[in-house]
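Work through the exercises below with the sequence and the structure at hand. Try each task before reading its solution.

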Amino acid sequence: DWKKVIDSLENCCKTKSTYPSVMLWGGEPLTSPYFGDITAYLRQKGFDELGIVTNGVLIDKWADVLRNDFKKIYISIDGPKEIHDSIRGNGVFDKVTANAKLLCGGNAEITVMTVLSPALLPVLPGFPKLLEDIRPKQLLLQDMIYLSKEETEQYGRWFESCFKRPASEIYSWQMDI
């Protein structure tokens, strides 16, 4: 299926005489058992501007491919170790930052994406210093999406009516600020 999508994109590009950049994103692309095949096929078809958005946990398994075949790598790091690990799990900050260092010296431009949260705001001024070893080209600060109690309940009712199952994950977005 992926090859068919890539072939279709290639055919469109041939008629326009231009090849756009391709960003692999959504879920965690590095968990796909086809990641290496998809990347190789994209490169074979002439797509040289590859990018990826990743949580960084599996970079070590694909470091050579990422270093050599990707132009842009966006890595999610939600703050210093204590904050990142409270969101993503114990030890994840150390794993991600060690993995990100594996990309230094490669072809890729590294961007760190960080969600602004109430816990991060007091320590935000010192956060870029923690990223020095990764040498990101950019630090993207993203607003956190918060919903009021009323909004989460309304969304929960709508979701359940459409999909016949509860939207329990939405309550993690609830915060009255």
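**Exercise 1.** Find where Lys164 lies, and decide whether Lys164 is buried or exposed.

Solution. Begin with the position: Lys164 belongs to the segment that follows H7. The model is a predicted one, and the values here are computed from it. Next take the backbone: the phi of Lys164 is near 60°, which is a positive value in a residue other than glycine. Last, take the accessibility. Exposed means over 50% relative accessible area. Lys164 has 67% relative accessibility, so Lys164 counts as exposed.

**Exercise 2.** Carry out the steps of Exercise 1 for Arg135, starting with the loop in which Arg135 lies.

Solution. The loop that holds Arg135 is the one between helix H6 (127-130) and S5. Arg135 is not a glycine, yet its phi is positive, about 55°. Its relative accessibility is 57%, and therefore Arg135 counts as exposed.

**Exercise 3.** State the strand order of the open sheet, then explain why one side of S1 and of S5 has no neighbour in the sheet.

Solution. Step one is the order: the five strands of the open sheet follow one another as S1-S2-S3-S4-S5, and the pairing is parallel. Step two is the edges: S1 and strand S5 (138-143) each have a single partner strand, so one side of each is left without a neighbour in the sheet. Step three is the twist: on average, neighbouring strands of this sheet are turned by 20° against each other, direction ignored.

**Exercise 4.** Describe how S2 pairs with S1 and with S3, and give the handedness of the crossover from S1 to S2.

Solution. Take the S1 side to start with. Three bridges pair strand S1 (residues 22-24) with S2 in the parallel sense. Within this pairing, Met23 has Gly51 as its bridge partner in S2, and Leu24 stands opposite Ile52. Between the two strands the chain passes through helix H2 (residues 35-44), and this β-α-β crossover from S1 to S2 is right-handed.

Now take the S3 side. S2 and strand S3 (residues 72-76) run parallel and are joined by four bridges. Here Val53 has Tyr74 in S3 as its bridge partner. Together with helix H3 (residues 59-69), S2 and S3 make a β-α-β unit, which is right-handed.

**Exercise 5.** Which residues of S2 point one way and which the other, and why is S2 described as largely enclosed?

Solution. Sort the residues by direction: Leu50, Ile52 and Thr54 point one way, while Gly51 and Val53 point the other way. The next step needs a cut-off: buried means under 20% relative accessible area. Five of the five residues of S2 (residues 50-54) are buried, so the strand is largely enclosed by the rest of the structure.

**Exercise 6.** Describe the packing of H1 and H2 by the angle and the distance between their axes.

Solution. Helix H1 (residues 2-16) packs with H2 at an angle of about 20°, and the axes are 10 Å apart. Angles under 35 degrees count as roughly parallel, and therefore H1 is roughly parallel to H2. The crossing of the two helices is right-handed. On the H1 side the contact is made by Trp2, Lys3, Ile6 and Asp7, and on the H2 side by Ile38, Tyr41 and Leu42.

**Exercise 7.** Find the element that holds Thr111 and the element that holds Thr152, then list what each threonine touches beyond four places in sequence.

Solution. Thr111 is part of strand S4 (residues 109-116). With a relative accessible area of 1%, Thr111 is buried. Apart from neighbours within four places in sequence, Thr111 is in contact with Ile73, Tyr74, Ile75, Gln138 and Leu140.

Thr152 is part of helix H7 (residues 149-163). Its relative accessibility is 0%, so Thr152 counts as buried. Residues up to four places away in sequence are again not counted, and Thr152 then touches Leu147, Ile170, Tyr171 and Gln174.

**Exercise 8.** Name buried residues of H4 and say what covers the buried residues of this helix.

Solution. In helix H4 (residues 81-88), the residues Ile83, His84 and Asp85 are buried. The cover over the buried residues of H4 includes S3 and helix H5 (92-101). Just after H4 comes Gly89, with a positive phi of about 120°.

Note on methods. Residues are numbered from 1 along each chain as its sequence is written. This is a predicted model: local features need pLDDT of at least 70, side-chain atom pairs count only at pLDDT 80 or more; totals for chains, interfaces and linings use all residues. Side-chain values use heavy atoms; hydrogens and water are left out. Buried means under 20% relative accessible area, exposed over 50%, partly exposed in between (1.4 Å probe, protein chains only). Two strands pair if DSSP finds at least two bridges between them. A crossover is right-handed if, with the strands pointing away from the viewer, the path from the first strand over the helix to the second runs clockwise. Contact means heavy atoms within 4.5 Å. Axes are lines fitted to C-alpha atoms, for helices over the stretch in contact, and angles run from 0 to 180 degrees between N-to-C directions. Angles under 35 degrees count as roughly parallel, over 145 as roughly antiparallel, 65 to 115 as roughly perpendicular and the rest as oblique. A crossing is left-handed if the near helix is turned anticlockwise from the far one by less than a right angle, and right-handed if clockwise.
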